[in-house]
Amino acid sequence: MKRILCAALCVLAIAVPAGASAAEIGSVYPYDAVADEFWGINVPAVAEYVPDGDAKALLLMEFSTGRVLFAENETAHLPIASVTKVISTLLIAEALDSGKITLEDEVTVSERAASMGGSQVFLEPGERMSVHDLLKALVVVSANDATVALGEYVYGSEDSFIAAMNARAAELGCENSNFVNTNGLPAEGHYSCALDVAVVTRELMKHEFIFGFTGIWMDTIRNGTFGLANTNKLIRFYKGATGMKTGFTSEAGYCLSGTATRDGMSLIAVVLGGSTSKLRFAAAKGLLDYGFANYRVFSPEPPVIEPAAVTHGTLPQAALETPRVALLCEKSAAADNVQAKVEVAESIAAPVEPGTEVGVVRYYIGGTEVASAPVLTAAAVPRVTYFSLLLSVLRSAFAFL
């Protein structure tokens, strides 16, 4: 029976008439808002973003700095439906980048994974599928069965996966989240907030390979026999869209963590609790438009830092360096208005290891601090010892002779 349903869904994923189910099972949504005035990109700069919708929580974050550009009800505890899978996906991405698993690994589907309802790709117990295809199903069509299968494969059990999701969220400082399942299906005590969703999304974006999945509009699994279509309208219609995750249940409403990149700046727009799919995407578009119209990111040349004095070292000074930083500012702020203030210790006691933090560079625009970067030692300076001092004297003596 599942195979018959798979074939039917493959057809539905290619073309679904208006009025298709909002359960987000991989269907292509009817696009009733594709006119230029909705998805257009020529948006003028405005003094502030004014929400135009009924979302329960909104947030806009810039990726490189983590700075929040707009927030409304951002810490409220809310159900987030399949947007839960942002943190599920983060754990899988970390397992892949650490080498714990590979995309080519074959996963055997358990009875538990195959029993998942809601959004799914109708996995059969005992079916084998690659991590690559399971991850594609998770990301593109929000497949609950694929999510559980991957969680079990990496962590041994669904419960261990859920525990890891909560532990990782805590590490990231997500104080307003609690997960009781891997996929966001309705459950008591399962909640998050717009701020935490943005924080986790930002962490996931650091694993750049994931954009090869989140940017898919239409694709297939099972050797081309099962069609997938992304539920995220932004991917198809919003310039620069890169991801990340949609979600819907009757309890959570229409939710989205949407990401986009333009002119070297990446933004994260979170919308929770929208009443309709159209309003959800309109809210995300409005947030992203506001960010791109009003802000920019640039990276100034780091200041030249004089070497620091070293006490009791084999060298009198230690070379210093500071990493390049990304600065976020309003587009009206001129780049040449950036000021850098270097604060370094008067002297450093040997031994000095390379990469030791000995100060800070603070960046200001219009007198306001906008970023900072550590000042680091560029090379090692050993401490003077009796033997090193003796060796120095002997070298001097032989040089004199």
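The following paragraphs walk through a predicted model, from its salt bridges and strands to its cysteines, aromatic rings and one of its helices. Because the model is predicted, local features need a pLDDT of at least 70 and side-chain atom pairs count only at pLDDT 80 or more, while totals for chains, interfaces and linings use all residues. Residues are numbered from 1 along each chain as its sequence is written, and side-chain values use heavy atoms, with hydrogens and water left out.

A search of the whole structure finds 12 salt bridges, where a salt bridge is a side-chain nitrogen of Lys or Arg within 4 Å of a carboxyl oxygen of Asp or Glu. One of them joins Glu127 to Arg222, with 2.8 Å between the closest N and O atoms. This pair links distant parts of the chain, 95 residues apart: Glu127 lies in the loop between helix 4 (111-114) and strand 4 (128-130), and Arg222 lies in the loop between strand 5 (218-221) and strand 6 (226-229). Helices (H or I, at least four residues) and strands (E, at least two) are DSSP runs, numbered from the N terminus. Glu127 counts as buried because its relative accessibility is 11%, and Arg222 counts as buried at 13%; buried here means under 20% relative accessible area, exposed means over 50%, and partly exposed lies in between, with a 1.4 Å probe and protein chains only.

Arg222 also appears in two further descriptions. In the hairpin of strand 5 and strand 6, which has 4 residues between the strands, Arg222 takes a positive phi near 55°. Arg222 also lies over the face of Phe226, at 5.2 Å from the ring centre, given that a charge sits over a ring if NZ of Lys or CZ of Arg is within 6 Å of the ring centre and within 35 degrees of the ring normal. The charged end of Lys100 is likewise placed over a ring, that of Tyr155, 4.9 Å from its centre. As for the strands of the hairpin, strand 5 and strand 6 pair in the antiparallel sense over 4 bridges, two strands being paired if DSSP finds at least two bridges between them. Asp219 has Leu228, in strand 6, as its bridge partner.

Another salt bridge brings together the side chains of Glu203 and Arg168, at 3.4 Å from N to O. Here too distant parts of the chain are linked, with Glu203 in helix 8 (residues 194-205) and Arg168 in helix 7 (residues 158-171), 35 residues apart. Glu203 counts as buried at 15% relative accessibility, and Arg168 counts as buried at 15%.

Helix 8 itself can be checked by its length and its cover. Its 12 residues should span 16 Å at 1.5 Å a residue, and its end C-alpha atoms are 16 Å apart, which agrees; the expected span is 1.5 Å times one less than the number of residues. Helix 8 is mostly covered, since 9 of its 12 residues are buried, among them Ala194, Val197, Val200, Glu203 and Leu204.

A salt bridge in a less covered setting joins the side chains of Glu369 and Arg362, at 3.4 Å from N to O. Glu369 counts as partly exposed at 37% relative accessibility, and Arg362 counts as partly exposed at 25%. Salt bridges that share partners join Glu94, Arg168, Glu171, Glu203 and Lys206 into one network.

Elsewhere, 3 strands form an open sheet in the order 12-11-16, and the pairing is mixed. Strand 12 (317-318) and strand 16 (347-349) stand at the edges, each with a single partner strand, so one side of each is left without a neighbour in the sheet. Strand 11 (residues 308-311) is joined to strand 12 by 2 bridges, and these strands run antiparallel. Ala308 stands opposite Ala318 in strand 12.

The cysteines give a different kind of result, as the search of the whole structure finds 0 disulfides, a disulfide being a pair of cysteine sulfur atoms within 2.5 Å. Cys193 is in no disulfide, and the nearest cysteine sulfur, that of Cys174, is 7.2 Å away. Cys193 counts as buried at 0% relative accessibility, and Cys255 counts as buried at 0%.

Finally, a search for aromatic pairs in the whole structure finds 6. Phe209 and Phe213 form an edge-to-face pair, 6.5 Å centre to centre with 90° between the planes. Rings of Phe, Tyr and Trp (its six-membered ring) pair if their centres lie within 6.5 Å, and planes under 30 degrees apart count as stacked, over 60 as edge-to-face and the rest as tilted. Phe209 is partly exposed, with a relative accessible area of 25%, whereas Phe213 counts as buried at 5% relative accessibility. Ring pairs also link Tyr49, Phe70, Tyr290 and Tyr295 into a cluster.
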